[in-house]
Amino acid sequence: MSTDSSDQVLEYPFRAPNAVEPPEEWAKLRKGCPVAHVRLPSGDKAVLVTRYDDVRHVLSDPRFTRNLSQEGAARITANEGGSAFESEAAAEISAGEQHEKWRRFISRWFTVKRISAMQQSIEAMANQLIDEMVAKGPPADLVSELAFPLPVWVIAEILGISVDERDKLATWSNAMLTLTQFTQAEVDKAQAEFTEYLMGHIAKKRAQPGDDLLSDLIRAADQGEQISEKVLMLTAQGVLVAGHETTSNMIAKMVAMLLSDRKRWERLLAEPSLVRTAVEEALRFDANAGFGLPRFITEDIELSGTKVPRGTTIICNMASANRDEKAFERADDMVLNRAPNPHLAFGAGGHSCVGQALARTELQTVLSVLLRRLPSLDLAVASQDLPRREGLLVGGIERLLVRW
Ligand code: HEM
């Protein structure tokens, strides 16, 4: 496929050679066609931006919404919107002012201070899961043993769901996310059970508030803030949808990236103080980040010298932006001590990831515990053969077989 003509319409998303390397189109587009016309799986047309400056510019502009239910916006697939936060049900917290208010509440909870206080408990969870994996012996699938359960346990703690009940949350989340492995009836059943459970859970928290996000929102509602039952439900669902699969995938991809060239792993064994910058670099270097973020452009703008008219849907490819040679020296090398590292893996501007301090803490903790507990960790399959996770929006690895 030629990618040098700006008149051409390319099929998007592109196919990557494997689960760890970027599609070759990214570099070509960054160089020769930074504002490209693409056709989405729905058949609708959009514009794709791949350069760091353009992606950052579009994401940071508060005028542009990710709400694709507006007239004239492109659909990602024929039957759904673009992200978990675009479903009709989520419109209440997704739209303009309402969203800003909701976001302010949520951000108050996800502060760096509060998240650092969770670090010990995250470490205990990682140790418990690794104990169980070690007891079964190698080889093990790091996704099902560690990367999948850990973030959902963390979310259970945030929502005040007890240890006895957190595996139920994992089961529902799994059914709601991995659409390929479950029938529509099973997915609907999980969704219905989860909704019913949440209604009961919220009622319990009303009666007996604790030190968790939902109780905090209930307290704020009691003090006169307008927080409806529906908003409480959507918050719980939203945190699960936004914080589970993304973090699970990133744990697995980070470990795969570090083990696919074992010199990286060995460097971290020798210098564990690099864990913090190594996590940022894994977020930047991730070539399998998924679709990118859509934005609906309500005013004309100029990107890399090209005029983009209002009414256009722009897909911001953050993973390509993160490989832009103009923004990062040695962009195609994984530099474990890279600093500063202003990558766009969490988005940018007013909608950027509210859970990023938590995601960072989870990634840093898992990595430190793995380095300490399993220094001999290695891939049990070649990195080129790692099975990609089927799914359109968030890229991941289906299974990560490791030995130690
Ligand atoms: C490595 C893991 C993660 C990645 C790569 C990631 C990435 C992102 C990105 C790119 C966005 C912006 C979406 C947009 O602009 O449309 C976002 C939003 C969000 N993320 Fe994360 N995220 C991660 C983990 C988490 C976690 C652990 C939580 C919470 C438990 C979380 C909660 C949220 C929420 C609530 C939003 C919506 C913010 C809003 O509507 O303003 N994320 N995330």
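Let's start with the shell around the ligand: 13 of its residues are nonpolar, nine are polar and two are charged. Here Ala, Val, Leu, Ile, Met, Phe, Trp, Tyr, Cys and Pro count as nonpolar, Asp, Glu, Lys and Arg as charged, and the others, Gly among them, as polar.

A word on the model. It is predicted; local features need pLDDT of at least 70, side-chain atom pairs count only at pLDDT 80 or more, and totals for chains, interfaces and linings use all residues. Residues are numbered from 1 along each chain as its sequence is written.

Back to the ligand. 24 residues surround it, each with its C-beta atom, placed from the backbone, within 6 Å of it. The closest are Ala242, Gly243, His351, Cys353 and Gly355. Two or more shell residues come from each of α4 (96–109), α11 (229–243), α12 (245–260) and α16 (356–373). Helices are DSSP runs of H or I, at least four residues, and strands are runs of E, at least two, numbered from the N terminus.

Which element gives the most to this shell? That is α11, with four residues. Eleven of the 15 residues of α11 are buried, meaning 20 or more other C-beta atoms lie within 10 Å of their own, with C-beta atoms placed from the backbone. Among them are Val231, Gln237 and Gly243.

Now the strands. β1 (residues 9–11) and β2 (residues 35–39) pair in the parallel sense over three bridges; pairing takes at least two DSSP bridges. Valine 9 has histidine 37 in β2 as its bridge partner. Histidine 37 also stands opposite valine 47 in β3. β2 and β3 (residues 45–49) run antiparallel, joined by five bridges.

Conventions:
A residue is buried if 20 or more other C-beta atoms lie within 10 Å of its own, exposed if 12 or fewer, and partly exposed in between; C-beta atoms are placed from the backbone.
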